[in-house]
Amino acid sequence: MKINQLPAVIVGIGAVAALMAFGAPAPAPLAPRTTASIAAPPVDHSAYDRLLKKHVNEKGLVSYKGFKADSKEFDQYLDLLSKNPPAKSWSKNEQMAYWINAYNAYTIRLILNHYPVQSIKDIGSKIKIPFVTTPWASKFFSIGGEKMSLDNIEHGTLRKKYNDPRIHFALVCASISCPRLRNEAFTADKLDRQLDDQGRDFLNDPSKNKLGKDAVLLSKYFDWYKGDWSNNGQSVASWVNKYASTKMSPSAKVEYLDYNWKLNEQ
């Protein structure tokens, strides 16, 4: 410090002391500078979209051998999901698209982990984890550093948080009686249209729902998730009639088709 600066410094110190003597608070110290954390942008699902277009046909049947051959690219996408969980700043549609894609993609990875199999249910007998007897309960992947299962995504996240029964038209458990696996990724900007399209496709597929005005044979989904379909004043009949070409009477006799767990393989 230069000598000619001393008087100003002394005066400054004296002023602070005077303020404190009369009860005035001392000037607050400057807060240390910090770098604000910035939420990661929504995941880009284009790599998954390319794989679906390549390995899923128009009927929703999957070439698991094709996915296996492209394991490097597929696992890079799964790694992207694993490291980028949805942030609060994401829109509802961005979050839902992420979780639906994650469920379907990790289901494919589960099949590949045990391939070849005749059914996803065969994997249950291969799991050697105490108290875990189904493939859906196995925590075989991580998202945001948390070990997760397919059940965690479906029941703990999608059904619990978003209250949209249309997810049942979109989640695919690698079985013939599941909805068709869409050969494109779900994205926020197209999500509502995609979910409605899945509903129309599922309800008008006679292998999954047989409809008549006074008697219907419905997918087990409408039995397993009765509570979901009746939320917000809705009913099974209202959801069926929203998408089905053949309308059912609210008083129609309802029975359920046997579920075909055979692998949805090409």
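# Oblique helices, paired rings and unusual backbone angles

Biologist: Why are helices α5 and α7 called oblique to each other?

Modeller: This is a predicted model, and in it the axes of α5 (residues 92-114) and α7 (residues 191-203) meet at an angle of about 45° and lie 10 Å apart. Roughly parallel needs an angle under 35 degrees, and roughly perpendicular needs 65 to 115. The angle of about 45° fits neither range, and α5 and α7 are therefore oblique.

Biologist: Which residues of α5 and α7 meet?

Modeller: On the α5 side they are Asn93, Met96, Ala97 and Ile100, and on the α7 side Leu191, Asp192 and Leu195. By class, the residues of this contact are five nonpolar, one polar and one charged.

Biologist: What else does the chain contain, and in what order do the elements run?

Modeller: There are ten helices and four strands. Starting at the N terminus, the order is α-α-α-α-α-β-β-α-α-β-α-α-α-β. Of the 266 residues, 44% are buried. The exposed area is about 14,600 Å², with 56% of it supplied by carbon and sulfur atoms.

Biologist: How many aromatic pairs are there, counting the whole structure?

Modeller: The search finds 22. One of them is Tyr48 with Tyr77, whose ring centres are 4.9 Å apart and whose planes stand at 5°.

Biologist: What makes the pair of Tyr48 and Tyr77 stacked?

Modeller: Two rings pair if their centres lie within 6.5 Å, and planes under 30 degrees apart count as stacked. The values for Tyr48 and Tyr77 are 4.9 Å and 5°, so the pair is stacked. Tyr48 belongs to helix α2 (residues 46-55) and Tyr77 to helix α4 (residues 71-83), and the pair links parts of the chain 29 residues apart.

Biologist: How do you know whether Tyr48 is buried or exposed?

Modeller: Buried means under 20% relative accessible area. Tyr48 has 1%, so Tyr48 is buried. Tyr77, at 2%, counts as buried by that cut-off too.

Biologist: Why is the pair of Phe169 and Phe202 called tilted?

Modeller: Their ring centres are 5.8 Å apart and their planes stand at 45°. Stacked needs under 30 degrees and edge-to-face over 60, so this pair is tilted. Phe169 sits in the loop between α6 (150-162) and α7, while Phe202 is in helix α7, so the pair ties together parts 33 residues apart in sequence. Both Phe169 and Phe202 are buried. They also belong to one aromatic cluster, whose members include Trp136, Tyr221, Trp239 and Trp261.

Biologist: What touches Asn101, leaving aside neighbours within four places in sequence?

Modeller: Asn101 is in contact with His45, Tyr48, Tyr77, Ala185 and Phe186. Both rings of the stacked pair, Tyr48 and Tyr77, are therefore among its contacts. Asn101 itself lies in helix α5. At 1% relative accessibility, Asn101 falls under the 20% limit and counts as buried.

Biologist: Where is Met148, and what does Met148 touch?

Modeller: Met148 is in strand β2 (residues 146-148). Not counting residues up to four places away in sequence, Met148 touches Trp99, Ser138, Lys139, Phe140, Phe141, Ile143 and Ile153. Ser138 is ten residues from Met148 in sequence, with a C-alpha to C-alpha distance of 7.8 Å. The relative accessibility of Met148 is 6%, and Met148 therefore counts as buried.

Biologist: What makes some backbone angles worth listing?

Modeller: Most residues other than glycine have a negative phi, and most peptide bonds are trans. Asn163 is not a glycine, yet its phi is positive, about 50°. Ala174 also has a positive phi, near 65°. The peptide bond from Tyr115 to Pro116 is cis, with omega near 5°, and Pro116 is in the loop between α5 and β1 (141-143).

Biologist: Why is Asn163 called partly exposed?

Modeller: Buried needs under 20% and exposed over 50%. Asn163 has 39%, which lies in between, so Asn163 counts as partly exposed. Ala174, with 1%, is buried. Asn163 lies in the loop between α6 and α7, and Ala174 is found in the loop between α6 and α7 too.

Note on methods
Residues numbered from 1 in each chain as written. Predicted model: local features only at pLDDT ≥ 70, side-chain atom pairs only at ≥ 80, totals over all residues. Heavy atoms only, no water. Axes fitted to C-alpha atoms, helices over the stretch in contact; angles between N-to-C directions. Helix = DSSP H or I, 4+ residues; strand = E, 2+ residues; numbered from the N terminus. Parallel < 35°, antiparallel > 145°, perpendicular 65-115°, else oblique. Contact = heavy atoms within 4.5 Å. Nonpolar A, V, L, I, M, F, W, Y, C, P; charged D, E, K, R; others polar. Buried < 20%, exposed > 50% of the residue type's maximum accessible area, 1.4 Å probe, protein only. Areas by Shrake-Rupley, 256 points an atom, 1.4 Å probe, with all protein chains shown as cover. Phe/Tyr/Trp six-rings, centres within 6.5 Å; stacked < 30°, edge-to-face > 60°.
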